[in-house]
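User: Please take a close look at the surroundings of the ligands and explain them to someone who is new to this structure. I would like one connected account, with the terms explained as they come up.

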Amino acid sequence: MGVDVLLGLQWGDEGKGKVVDVLTPAYDVVARFQGGPNAGHTIEFEGKKFVLHTIPSGIFNPDCINLIGNGVIIDPSILLKEIKTLEASGVSVVKNLYVSRKAHLILPSHRLIDAASESSKGLQKIGSTLKGIGPTYTDKTARNGLRVGDVFGSDFLEKYNALKNKHLQLVSQFGFDYSEHLIDGLRFESYEQLWFDSLELLKKLNHVDSEYFINDLLQSGKNILAEGAQGSLLDVDFGSYPYVTSSNTTIAGVCSGLGIAPGKIGKVYGIFKAYCTRVGSGPFPTELHDADGANMREIGHEFGSTTGRPRRCGWLDIPALQYAIMLNGVTDLIMMKADVLDGFQKIRVALAYEFEGKQFNYLPFDSTEGKLLPVYTDIEGWKCNVTELKEKDGLPSELEKYIQFIEKEVKTPVTIVSTGPDRTQIVYR
Ligand code: GDP
Ligand code: IMO
Ligand code: MG
């Protein structure tokens, strides 16, 4: 028995939250291993919709243990807001939620650095979610960070102030005037107050040495699912650097973010949309600027779950998908949002890229925006509504052909197809 993993194969927002929620009944534990509140994982059922940023998506099953691992970074004010929203809707959170003592804290001043850094970059900005992700992981690797376990130390305030002062110096070096800058609608000082108030509640959560906690659960025969955030093409090592996030979103992040040995990894579920989206800056070879792209955005409601920004949309990119499958050792593919293409007469798939007259099917070191031209093949659309299909129903033959085409190209089976945002809109193959 091992730890199964579910992670995104594109640029995030593939629908990880929905599928984790669907798979949760088969697991005793769901664990987040990296990222922070840059994530926005949407779960819909019984006419209700929830967006989770830090809490694992197993939280809606009252029998499931939910672990925030050491590789995750936590903003106490965002986490507490999330807990309150869920509990106000009758979802019991605190009992089943466990937080690693080694998880790093996002300070209010990390968020200022994120904003200052982005504004200094002008057109070259990353398009960060402004949640302080880059600066917090920077402090982690620079060995300056503060961790959840530190909040109980008698010198916590001293350490906090020392780090904050360093941050404020950096912010002023950027020439960034934060006096009018709002963080989640609040000026810095007010946000800092909210952050400290939230910290008091964070102190009351279940804190664990998560590497022991999870290995003990595994040893005792529990089924564990690790839930990825972002997507493989945003990985700090393998994504389109520098337009990436600051963590390993790929399978390696499970080992370092939870303390799971590689040999204990079981199934690897790789999630991809039937097309592609990206939010923020960076290369996106199959991006569409035409009516097809606009239709994908409108039908798929492609607006960021965390920031509300419109997502860039485009056709499925097979070389990029193959790359992500290779990096993660994907055993099972899950295709999301098939329904969004219901009305399309023709579906295009990129099989290779062209650059300076040459064709190739790998992601080159330099994939500067606009440089790679996709080489497409066309596939017939299914032109019917798949949103009403039931779990065991067969798929329309043209959709089945589209999936078989993808499976042949990437040599990995597609075992689940999602046909709408609701928990029930799922077909198993
Ligand atoms: P995540 O970050 O990977 O969890 O994905 P997000 O929640 O950010 O974005 C996925 C969006 O698509 C959410 O609004 C989901 O409710 C929605 N969604 C998930 N699966 C499907 C699907 O099969 N069809 C449609 N139309 N929407 C879906
Ligand atoms: P989920 O888990 C989509 C993108 C940002 C930006 C880049 C760096 O919901 O799939 P950061 O704030 O991490 O420094 O931003 O990464 N990004 C995401 N895009 N889904 C996400 O998470 C993302 N998390 C970060 O838009 O381009
Ligand atoms: Mg998301």
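Analyst: A residue counts as near a molecule when one of its heavy atoms lies within 4 Å of it. The model is predicted, so local features need pLDDT of at least 70 and side-chain atom pairs pLDDT 80 or more, while totals for chains, interfaces and linings use all residues. Residues are numbered from 1 along each chain as its sequence is written, chains are lettered from A and ligands numbered from 1 in the order written, and side-chain values use heavy atoms, without hydrogens or water.

Ligand 1 has 20 residues around it, and those that come nearest are Lys16, Thr42, Ser305, Asp339 and Ser418. When this shell is sorted by class, it holds three nonpolar, nine polar and eight charged residues; here Ala, Val, Leu, Ile, Met, Phe, Trp, Tyr, Cys and Pro are nonpolar, Asp, Glu, Lys and Arg are charged, and the others, Gly among them, are polar. Helix H1 and strand S3 each supply at least two residues of the shell, where helices (H or I, at least four residues) and strands (E, at least two) are DSSP runs numbered from the N terminus.

Several polar contacts (pairs of N or O atoms within 3.5 Å; within protein, one must be able to donate a hydrogen and the other to accept it, and residues adjacent in sequence count only if both atoms are in side chains) can be named for the ligands. For ligand 1, a side-chain N or O atom of aspartate 13 is 2.9 Å from one of the ligand's oxygen atoms, and a polar backbone atom of glycine 17 is also 2.9 Å from an oxygen atom of the ligand. In aspartate 339, by contrast, a polar side-chain atom pairs with a nitrogen atom of ligand 1, at 2.7 Å. Ligand 1 would expose 580 Å² if taken alone, and the protein buries 95% of that area, with areas found by the Shrake-Rupley method with a 1.4 Å probe and, for residues, only the protein chains shown counted as cover.

Aspartate 13 also takes part in the metal site, where the protein donors of the magnesium ion, ligand 3, are Asp13 (OD) and Gly40 (O), at 2.1 to 2.2 Å. This pair joins distant parts of the chain, since aspartate 13 sits in the loop between strand S1 (3-8) and helix H1 (16-23), whereas glycine 40 sits 27 residues away in the loop between strand S2 (29-32) and strand S3 (41-45). Donors are N, O and S atoms within 2.8 Å of the metal (3.2 Å for Na, K and Ca), and because water is not among the atoms, sites may look incomplete. Aspartate 13 is partly exposed because its relative accessible area is 21%, while glycine 40 is buried because its value is 11%; buried means under 20%, exposed over 50%, and partly exposed in between (1.4 Å probe, protein chains only).

Ligand 2 is surrounded by 21 residues, and Asp13 appears again among the closest, together with Lys16, His41, Thr129 and Thr245. The shell of ligand 2 consists of eight nonpolar, 10 polar and three charged residues. A polar side-chain atom of threonine 245 lies 2.6 Å from an oxygen atom of ligand 2, a side-chain N or O atom of arginine 309 lies 2.9 Å from an oxygen atom of the ligand, and valine 279 contributes a backbone N or O atom, 3.0 Å from an oxygen atom of ligand 2. Of the 550 Å² of accessible area that ligand 2 has on its own, the protein covers 97%.

One further stretch of the chain can be added to this picture, the loop between strand S12 (224-231) and helix H8 (252-258), which holds serine 247. Serine 247 is buried because its relative accessible area is 5%, and its C-alpha is 9.9 Å from that of phenylalanine 33, although the two are 214 residues apart in sequence. Threonine 250 belongs to the loop between S12 and H8 as well; threonine 250 is buried because its value is 3%, and its side chain makes a polar contact of 2.7 Å with the side chain of aspartate 235. Proline 242 is also placed in this loop, and the peptide bond that leads to it from tyrosine 241 is cis, with omega near 5°. Most peptide bonds are trans.
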